[in-house]
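Open the model in your viewer and keep the selection panel handy. We will make a few stops together, with something to select at each one.

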Amino acid sequence: MDERRGRLTRDGIRIHDAADFDGMRRAGAVAAAILDDIAPHVEVGQTTGEIDRLITGMVKDVGAVSATIGYKGYRHASCISVNHVVCHGIPGDKKLKDGDILNIDVTVIVDGWYGDTSRMYVAGSVGRKAERLIQVTHDALMKGIEAARPGNTFGDIGAAIQTHVEGERMSVVRDFCGHGLGRVFHAPPNVLHYGRPGTGPVLEEGMFFTIEPMVNLGRPETKVLGDDWTAVTRDKSLSAQFEHSVGITSDGAEIFTLSPAGLFHPTWA
Ligand code: MF3
Ligand code: CO
Ligand code: CO
């Protein structure tokens, strides 16, 4: 396949064709099915390392390739971000405790196309504040997707997310953003989860990108730990994230990473 097919906008955003949508549908469905299949394995006492090993097996079994193993030196098939970890949590030996909330983020490559998605899970029973945080984060993502249509701007997406989150007295993380993707993992533009309506590049049919808001119960500031990956809230407050990969259609956005089992949210009973 020719990497250079299609055109780039003045902002360097690739415009894809109908066959490309097909590739993204297949990659997105594989990533989403893995997040469905991992749900029963998120339990009190389970380690995030074991969850990642299971995901590694699922990626192989379906004939896909992990986009994260070997990416900038990362060594795992998922990022698993527990409680006050904002994103890029490294799977390890720590056991999940009752009431822990966690984001599992999986990116696969299928026939060269990238499917990138994440959801929230709970070990045991979820606390009231955590449940509200997760709900607000999910709804913020969906409001961002509703704003994703030709003629709107990336600022409209960010503003829709920020307005919802701040209206619930929570905060949007500024230090990480969504991204263009397709036959590459991270491409222009940076998809900010905050902003002003009418600002930023105009959305066009054929653009592919992720929307992946991170929302904190406390302040928005983050810091990266000494492992150079794990991002945490500076004030130790709980953080949540959801991510979909989408493509802009003639009149809206197609979600490539919808859950085949209808388990995007909630992932628990
Ligand atoms: N999946 C993440 C994203 O949404 C990127 C993870 S990169 C890794 O963009 F190396 F940390 F896995
Ligand atoms: Co992403
Ligand atoms: Co991701």
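Start by selecting helix 3 and helix 4 of this predicted model: helix 3 passes helix 4 in a right-handed crossing. Helix 3 covers residues 128-146 and helix 4 covers residues 154-167. Their axes lie 8 Å apart and meet at an angle of about 155°. Angles over 145 degrees count as roughly antiparallel, so helix 3 is roughly antiparallel to helix 4.

Now show the side chains where the two helices touch. On helix 3, pick Val136, Asp139, Ala140, Lys143 and Gly144. Their partners on helix 4 are Ile157, Ala160, Ile161, His164 and Val165.

Next, select the cobalt ion (ligand 3). Which residues coordinate the cobalt ion (ligand 3)? Asp105 appears twice through OD atoms, joined by Asp116 (OD) and Glu243 (OE), at 2.1 to 2.3 Å. Along the chain, the donors follow the spacing D-x10-D-x126-E. The site has six donor atoms with angles of 59 to 167° among them, and it is irregular.

Stay here and colour by secondary structure. Asp105 sits in strand 6 (residues 101-110), while Glu243 is in the loop between strand 15 (239-241) and strand 16 (244-248). The two are 138 residues apart, so this pair links distant parts of the chain. Are Asp105 and Glu243 buried or exposed? Both are buried.

For the last stop, add the cobalt ion (ligand 2) to the selection. The cobalt ion (ligand 2) is 3.3 Å from the cobalt ion (ligand 3), and Asp116 coordinates both.

Key
Residues numbered from 1 in each chain as written. Chains lettered and ligands numbered in written order. Predicted model: local features only at pLDDT ≥ 70, side-chain atom pairs only at ≥ 80, totals over all residues. Heavy atoms only, no water. Donors = N, O, S within 2.8 Å, 3.2 Å for Na, K, Ca; no water. Tetrahedral: all angles 85-135°; square planar, octahedral: opposite > 155°, others 65-115°. Helix = DSSP H or I, 4+ residues; strand = E, 2+ residues; numbered from the N terminus. Buried < 20%, exposed > 50% of the residue type's maximum accessible area, 1.4 Å probe, protein only. Axes fitted to C-alpha atoms, helices over the stretch in contact; angles between N-to-C directions. Parallel < 35°, antiparallel > 145°, perpendicular 65-115°, else oblique. Left-handed = near helix turned anticlockwise from the far one by under 90°. Contact = heavy atoms within 4.5 Å.
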